[in-house]
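Work through the exercises below with the sequence and the structure side by side. Each task is followed by a solution that proceeds step by step.

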Amino acid sequence: MTGGPTPRPHTLVAGVGNIFLGDDGFGVEAARRLAGQGCPAGVEVADIGIRGVHLAYRLLDGYDTLVLLDATARGGEPGTLYLIDATDPAGRLSPGGAALDGHRMSPDAVLALLDTLCAGTGAVPPRRTLVVGCEPATVEEGIGLSPPVAGAVPGAVRMVGDLIRDEAVARPAPHAVRPSPVGRREHLPSPGEQP
């Protein structure tokens with residue numbers, strides 16, 4: 001007999017992307033590798049793939065933190081990893097601008113849909129949303145990651161491992177993370193905190 005219900009995981013790590021479009025499958029591959037390592041209690045890893053609507057509805061279950069793994073074109077060298085804080089709803093698409101194509105929803109569109117669903121249901125979105133992105137070399141039709149992106153997967157897995165073990169992500173944090181290439185997270189002081 002147990003002492004009560006098992007608490008829901010408070011952090012969801014979601015790998016998104018289309019494995020049939022080359023490096024767009026980065027998030028799915030990184031999530032698969034991360035799940036194979038095992039995660040601390042309170043962390044759930046999911047291969048979402050192209051099921052963006054499914055992800056938005058799943059987030060209604062009440063996660064504190066969302067970490068998205070995705071191919072992210074930002075103009076760097078292929079294989080460059082980025083850590084992006086996507087928590088601020090002001091920087092997202094407007095709910096009316098979210099394309100509701102269940103097979104082609106970008107993370108921005110998923111988060112915009114989530115905001116709409118939360119407004120309609122009274123659910124609370126994740127307190128923090130972080131994106132671990134990788135600069136793609138190609139998103140042309142084809143299965144398999146390019147060599148630079150495949151080489152970046154272990155680094156992304158380590159980055160997510162650090163994030164989910166980091167007390168600042170697992171618990172309420174007094175700061176945010178500014179977008180930056182891998183290995184360089186910049187601390188932004190919270191109001192009233194000394195820089």
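**Exercise 1.** Which pattern does the protein chain follow when it is read along the sequence?

*Solution.* Note to begin with that this is a predicted model. Read along the sequence, the chain gives β-α-β-α-β-β-α-β-α-α-β-β-β, and in total there are 5 helices and 8 strands.

**Exercise 2.** Find out how strand β5 is placed, and which strands pair with it.

*Solution.* Start with burial, where a residue counts as buried if its relative accessible area is under 20%. In β5, residues 128-134, 7 of the 7 residues are buried, so the strand is largely enclosed by the rest of the structure. Next, consider the two directions: Arg128, Leu130, Val132 and Cys134 point one way, while Thr129, Val131 and Gly133 point the other way, and all are buried. Then turn to the partners: β3 (residues 65-71) runs parallel to β5 and is joined to it by 7 bridges, whereas β4 (residues 81-85) runs antiparallel and is joined to β5 by 5 bridges. Finally, look at Cys134, which is the bridge partner of Ala71 and also of Leu81.

**Exercise 3.** Compare the expected span of helix α4 with the distance between its end C-alpha atoms, and locate its bend.

*Solution.* The helix covers residues 147-165, and at 1.5 Å a residue its 19 residues should span 27 Å; the end C-alpha atoms lie 28 Å apart, which agrees. A bend of about 30° occurs at Val153, with the proline Pro154 following within four residues. Val153 is itself among the buried residues of α4, which also include Ala152, Gly155 and Ala156.

Definitions and conventions
Residues numbered from 1 in each chain as written. Predicted model: local features only at pLDDT ≥ 70, side-chain atom pairs only at ≥ 80, totals over all residues. Heavy atoms only, no water. Buried < 20%, exposed > 50% of the residue type's maximum accessible area, 1.4 Å probe, protein only. Pairing = 2+ DSSP bridges. Expected span 1.5 Å × (residues − 1). Bend = angle between axes of the 7 residues up to and from the residue.
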